[in-house]
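Please open the model in your viewer, colour it by chain, and follow the selections below in order.

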Amino acid sequence: MARVVVDVMLKPEILDPQGQAILGACGRLGFEAVSEVRQGKRFEVEIDGEVGEDRLDDIRRLAETLLANPVIEDFELRVE
Amino acid sequence: MTARVGVVTFPGSLDDRDAARAVRIAGAEPVALWHGDADLKGVDAVILPGGFSYGDYLRCGAIARFAPIMAELVPPARSGELPVLGICNGFQILCESHLLPGALTRNRSLHFINRDQRLRIESAGTAWTNRYLPGQEILVVLKSGEGNYVAAPETLDELERSGRVVARYVGTAPNGSQRDIAGISNEHGNIVGLMPHPEHAVEELTGPSVDGLGFFTSLVARVTEASPAPAGTG
C-alpha cells in the first residue's frame, strides 16, 4: 500500500481571511516574527499496490476534479 | 399551461420548501426532485436551493456537483434549454459545476451574514429577471458564510461586457464580493446564480418585502411565452 499526499492551497491572488485571522492571533500570542499565514488542506490518499505514473495521473485527475477547485486553488502531489 | 419547476433536495438542503412555496405563489407548480435520482421528471426549469448540501464538506457545492441529478441537469442547462436558478448554496453548486464562472469563498469578515439586503438588478435579460427593470432596487435576504464572489479579472471584465452581472449589492458588498457582484448568468441567460435569497421575500408576513417574487414570475413568463397555448384554449 502507498500513500499519495495532495496539498491544496488557495492561489496567491485569492484572499485568505482564515489565514489572516490566524496571523492576527499570532501577533496576540507573541509570535511577532510571523509575517504571513496561508491556510490550506492536506489529503492523504491511500492506494492499493504500487503507485506508477498511470496511478499518479489518476490521482492528479482526482485532485483537479474533486479535491481542488482549479478556479481558486493550486495543488501539489507527492508519494509518501 | 402551468409551468412545472423542479426544486432539488440534497442532503443538507434547507430552503427547498421555501423555494417550492415561492414557485407556487408565482403561479407555477413545484416538483420535488431528489439528488440521488437521475430524473428531472420533465420539468420546465430547476431551482437549486440554499442550505449546506453534504454539510459543505470539502468545499461548498463540491460534492453536490457529482450527484446523479446533476448529470441530468448539466447538459440541457449548458446548452441553454433548461432554465436553472441557483440560490446561495445552489449558486455555489453552479460554480463548482462550471456552469457559471468564478467561485464563492469565505466572507471577507469571516462572519456568517444574516440580514435584509438591498440589491440592484443589473440585467433583466435572463429567464429569471425579465419581470424586473434594469437598475431596479429590491430588498431580499442575505444569509451566507461563503458568499464572497471571486473570479479572474478577465472573467469579471467579460461578465460586465456581456451584461451577465445580474445583480449587485447596493453600497459595498458585505461579504467582499468582487465588483459587488451578488448574481451572474451564463451566456444564454437561462442559468442564474444568486447569493441572496429571493424565495424568502415573497410574502408580507414572513419577508422584508415581496421583491423576490419577480425571479419566479419571470420564469413563469419565460416558460409560458416559450410554449404555444394548446388549440381551443384562450
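Begin with the lining of the largest pocket in this predicted model, whose residues divide into 12 nonpolar, six polar and eight charged. Display the volume next: about 480 Å³ of space lies in this largest pocket. Of the 26 residues that line the pocket, select those closest to its centre, which are A:Gln18, A:Lys41, A:Glu73, B:Arg59 and B:Glu146. To see the surrounding framework, show as ribbons the elements that give two or more residues to the lining: strand 1 (2-10), helix 1 (17-28) and strand 2 (40-47) of chain A, together with helix 3 (89-96) and strand 5 (103-105) of chain B.

Now keep A:Glu73 and B:Arg59 as sticks and hide the other side chains. The side chains of these two residues meet in a salt bridge, with an N to O distance of 3.7 Å, and across the interface of chain A and chain B the rule finds one salt bridge. Over all chains the structure holds 23 salt bridges. Where does this pair sit in the fold? B:Arg59 lies in the loop between strand 3 (45-48) and helix 2 (68-78) of chain B, whereas A:Glu73 lies in strand 3 (residues 73-79) of chain A, so the pair joins two chains.

Widen the selection to the whole interface, where 15 residues of chain A are in contact with 16 residues of chain B. The two chains bury about 1,200 Å² between them, 67% of it on carbon and sulfur atoms. Between chain A and chain B, five residue pairs are in polar contact, counting pairs with both residues at pLDDT 80 or more. Finally, select helix 1, strand 2 and helix 2 (53-67) of chain A, the elements that give two or more residues to the side of chain A that touches chain B; by class, that side has 10 nonpolar, three polar and two charged residues.

Terms used: Residues numbered from 1 in each chain as written. Chains lettered and ligands numbered in written order. Predicted model: local features only at pLDDT ≥ 70, side-chain atom pairs only at ≥ 80, totals over all residues. Heavy atoms only, no water. 1 Å grid on protein atoms, 1.4 Å probe; cavity = no way out; pocket = protein on both sides within 12 Å on 5 of 7 lines; lining within 4 Å. Points joined across faces, edges and corners; volume = space filled by probe spheres on them. Helix = DSSP H or I, 4+ residues; strand = E, 2+ residues; numbered from the N terminus. Nonpolar A, V, L, I, M, F, W, Y, C, P; charged D, E, K, R; others polar. Contact = heavy atoms within 4.5 Å. Buried area = accessible area lost by both parts, 1.4 Å probe. Salt bridge = Lys/Arg side-chain N within 4 Å of Asp/Glu carboxyl O. Polar contact = N/O pair within 3.5 Å; in protein donor to acceptor, adjacent residues only side chain to side chain.
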